[in-house]
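Here is a relaxed walk through one protein chain, from its overall layout down to a couple of single residues. Have a look at the sequence and the model first.

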Amino acid sequence: MHFCMTAQYTPKSLNAILENPKTNRFEAAKKMVEAAGGKLISMYSTAANGPGVLVIFDVPDPNAASAMSGVVIASGAVHNVTLTRLWTADEITQVRQKAVQLKGAYTPPGG
């Protein structure tokens, strides 16, 4: 399952990065994702809401994505974290097919 996690670095993390500007955060992220049995797809730096990061990864267990998010937040390295499940084109086709099957089982309010 693919996920996208975005976050902003905390002041503590930014200071550590400034002290060692060649620090490799990609390798740190890759190590954690691989420890969860997954694969790091891509990682980007962001600046929209302050210095931050956007990471796209694939893990077989969706609980691993939430666990990784919690570990990183608890470390104090980042804040304002958003974890989003992503679907491939094939997966979203399956979702749409399931929606067609379930459509008749739902009654909206006032219906």
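Helices (H or I, at least four residues) and strands (E, at least two) are DSSP runs, numbered from the N terminus. With that in hand, Thr-10 is easy to place: it sits in the loop between strand E1 (2–9) and helix H1 (11–19).

A word on ground rules. This is a predicted model, where local features need pLDDT of at least 70 and side-chain atom pairs count only at pLDDT 80 or more, while totals for chains, interfaces and linings use all residues. Residues are numbered from 1 along each chain as its sequence is written, and side-chain values use heavy atoms, with hydrogens and water left out.

**The whole chain**

The protein chain has four helices and four strands, and from the N terminus on they come in the order β-α-α-β-β-α-β-α. Its radius of gyration (taken over C-alpha atoms) is 18 Å, well over the 13 Å that the globule rule (2.2 Å times the number of residues to the power 0.38) gives for 111 residues, so the chain is more spread out than a compact globule. Along its principal axes, the C-alpha trace spans about 60 × 35 × 20 Å.

How much of the chain is buried? Of the 111 residues, 22% count as buried, where buried means under 20% relative accessible area, exposed over 50%, and partly exposed in between (1.4 Å probe, protein chains only).

Contacts (heavy atoms within 4.5 Å) tell another part of the story: among those between residues at least 6 apart in sequence, 62% join residues at least 24 apart.

**Helix H4**

Helix H4 (residues 89–102) has 14 residues and reaches 20 Å from its first C-alpha to its last. That is close to the 20 Å expected at 1.5 Å a residue, the expected span being 1.5 Å times one less than the number of residues. Because the number of buried residues among its 14 is zero, H4 lies largely in the open.

**Two residues up close**

Back to Thr-10, and on to Ile-73, which lies in helix H3 (residues 62–74). The contacts in the table leave out residues up to four places away in sequence.

| Residue | Relative accessible area | Contacts |
|---|---|---|
| Thr-10 | 11%, buried | Gly-76, Ala-77, Val-78 and His-79 |
| Ile-73 | 40%, partly exposed | Val-78 and Val-81 |

Val-78 turns up in the contacts of both Thr-10 and Ile-73. As for distances, Ile-73 and Met-43 are 30 residues apart in sequence and 17 Å apart in space, C-alpha to C-alpha.
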